[in-house]
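Me: I am new to this structure and would like to learn how to read its features one at a time. Could you take me through them slowly, giving the general idea before the particular case?

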Amino acid sequence: MKFATKAIHAGQEPDPTTGAVMTPIYQTSTYWQKSPGDNKGYEYSRGTNPTRKALEDCLAALENAKYGLAFSSGMGATDAVLKLLQPGDEVITGNDLYGGSYRIFTKIFTKYGIKFHFLDLSKPENMLPYINDKTKLVWIETPTNPTMQVIDIEGVAKITKDKNLILTVDNTFASPYLQNPIDLGADIVMHSVTKYIGGHSDVVMGALVTNNEVLYKDLWFIYNACGATPGPQDAFLVLRGIKTLHLRMKAHCENGEKIAHYLKKHPKVDKIYWPGFEDHPNHDVAKKQMRGFGGMISITLKGADLEETFRISSNFKVFTLAESLGGVESLINHPATMTHGSIPKEEREKVGVTDNLLRLSVGVEDIDDLLEDLENALK
């Protein structure tokens with residue numbers, strides 16, 4: 001099936017009891033057993049639930065993978081991957097990361113003896129000097145949050161396969177519609193489902209998908225044992241959101257492109273980060289591994305201090321100043337004090353996350369209204 005058909009049908013058969021076309025919300029914690037251990041495939045909803053299973057099968061299909069797991073948040077999914085490691089193991093990751101990922105790496109898992117290397121991964125070979133017999137995992141985002149760095153997934157995967165390392169790709173910014181890391185050699189794909197996949201800013205959820213049966217079984221054990229699993233109502237809402245993912249992503253891309261070109265010429269914009277520009281670092285890689293450039297854009301304001309940046313970010317009427325991204329509504333975010341506030345100032349500024357940087361999640365509103373809002377806010 002093509003993507004749009006999978007988004008609407010994958011994992012979602014008519015309910016065998018009633019014929020309901022939409023997957024029912026199985027709001028139950030436990031399940032009847034004919035005799036101990038003789039059940040219909042479900043025992044307790046922390047581990048398995050029919051509504052969640054439909055979502056997991058759909059997510060796997062969208063990423064061209066065999067196995068999917070849904071978590072109660074993106075951080076819950078991230079936590080599960082890191083629990084594959086042992087004390088003394090080492091992880092290679094990027095130097096521009098979502099603040100929550102940086103926080104869980106440095107504030108939680110370093111305490112358990114895991115070592116992290118934060119590197120410029122614009123060239124895959126940059127990781128080679130850091131690989132040793134303790135290296136077990138490579139974790140990348142692409143495009144990155146918030147400076148939109150593009151990392152060559154296939155190039156990284158060639159190295160991780162050669163060195164027998166697990167490659168996990170955070171595919172949140174691209175969504176499965178624009179990019180499929182499994183096809184490029186990734187072992188695990190992580191999503192903050194809260195963002196584009198859910199798409200309506202009404203659910204917090206995460207997901208992992210993989211083709212590797214051993215990894216799936218290990219991750220399922222962690223998923224069930226540690227319990228960061230979502231309820232059926234949230235799974236239902238995400239299944240509903242997925243049905244329009246292809247339509248929404250087309251609109252995000254169209255609006256994002258128009259706004260990126262508008263901002264590039266704006267006199268108050270100093271730098272603009274959007275992988276669709278030919279002068280963007282690794283633009284050719286983005287063209288190769290993505291089917292579009294998305295609706296995420298970051299800008300720095302020319303000559304603006306923190307006070308002026310706050311003034312402008314608070315001056316929007318259509319864009320909403322808020323955390324998160326990927327919903328149908330346009331959002332504006334100040335990473336230095338919001339999504340990336342947990343990263344030390346000197347570390348985030350090394351990669352361009354400065355006090356005058358704003359991140360835009362371009363929604364699917366009328367483009368003329370969005371452009372007018374930008375014009376008025378940037379006065």
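Me: Let us start inside the protein: how many cavities of 30 Å³ or more does the count come to?

Reply: Please keep in mind throughout that this is a predicted model. By the rule used here, the count comes to 1 cavity of 30 Å³ or more, and the space in the largest cavity is about 30 Å³.

Me: Which residues line the largest cavity, and how do they divide by class?

Reply: The lining is made up of Pro143, Met148, Phe173, Ala174, Leu178, Met290, Phe293, Gly294, Gly295 and Met296. Sorted by class, the lining of the largest cavity has 8 nonpolar and 2 polar residues, with no charged ones.

Me: Now the backbone: what should I look for there?

Reply: As a general idea, most peptide bonds are trans, and most residues other than glycine have a negative phi. Against that background, the bond from Thr142 to Pro143 is cis, with omega near -10 degrees, and the bond from Asn145 to Pro146 is also cis, with omega near 10 degrees.

Me: Where is Pro143 placed, and where is Pro146?

Reply: Pro143 belongs to the loop that runs between β4 (135-141) and α5 (153-163), and Pro146 is likewise placed in the loop between β4 and α5. Pro143 is also one of the residues that line the largest cavity.

Me: Which sign does the phi of Ser175 have, positive or negative?

Reply: Ser175 has a positive phi, of about 75 degrees, although this residue is not a glycine. Ser175 is found in helix α6, which covers residues 175-178.

Me: How do I read two helices that pack together?

Reply: Two packed helices are described by the distance between their axes and the angle between those axes. Take helix α9 (residues 245-264) and helix α13 (residues 367-377), whose axes come within 10 Å and cross at roughly 30 degrees. Angles under 35 degrees count as roughly parallel, and α9 and α13 are therefore roughly parallel to each other. Their crossing is right-handed. On the α9 side the contact is made by Asn255, Lys258, Ile259, Tyr262 and Leu263, and on the α13 side by Ile367, Leu370, Leu371, Leu374 and Glu375. By class, this contact of α9 with α13 has 7 nonpolar, 1 polar and 2 charged residues.

Me: What is the handedness of the crossing of α2 and α8, and which residues make the contact?

Reply: The axes of helix α2 (residues 50-62) and helix α8 (residues 232-242) come within 8 Å and cross at roughly 35 degrees, and the crossing is left-handed. From α2 the contact draws on Thr51, Arg52, Ala54, Leu55, Cys58, Leu59 and Leu62, while α8 supplies Pro232, Ala235, Phe236, Val238, Leu239 and Ile242. These residues divide into 11 nonpolar, 1 polar and 1 charged.

Me: How, finally, do α3 and α4 cross?

Reply: Helix α3 (residues 74-82) and helix α4 (residues 99-108) have axes that come within 11 Å and cross at roughly 35 degrees, and α3 passes α4 in a right-handed crossing. Met75, Thr78, Asp79 and Leu82 of α3 make the contact with Gly100, Ser101, Ile104 and Phe105 of α4. The residues of this contact divide into 4 nonpolar, 3 polar and 1 charged.

Terms used: Residues are numbered from 1 along each chain as its sequence is written. This is a predicted model: local features need pLDDT of at least 70, side-chain atom pairs count only at pLDDT 80 or more; totals for chains, interfaces and linings use all residues. Side-chain values use heavy atoms; hydrogens and water are left out. Axes are lines fitted to C-alpha atoms, for helices over the stretch in contact, and angles run from 0 to 180 degrees between N-to-C directions. Helices (H or I, at least four residues) and strands (E, at least two) are DSSP runs, numbered from the N terminus. Angles under 35 degrees count as roughly parallel, over 145 as roughly antiparallel, 65 to 115 as roughly perpendicular and the rest as oblique. A crossing is left-handed if the near helix is turned anticlockwise from the far one by less than a right angle, and right-handed if clockwise. Contact means heavy atoms within 4.5 Å. Ala, Val, Leu, Ile, Met, Phe, Trp, Tyr, Cys and Pro count as nonpolar, Asp, Glu, Lys and Arg as charged, and the others, Gly among them, as polar. On a 1 Å grid over the protein atoms alone, a cavity is a set of points where a 1.4 Å probe fits but cannot get out, and a pocket is an open set with protein on both sides within 12 Å along at least five of seven lines; lining residues have an atom within 4 Å of a point. Grid points are joined across faces, edges and corners, and a volume is the space filled by probe spheres set on the points.
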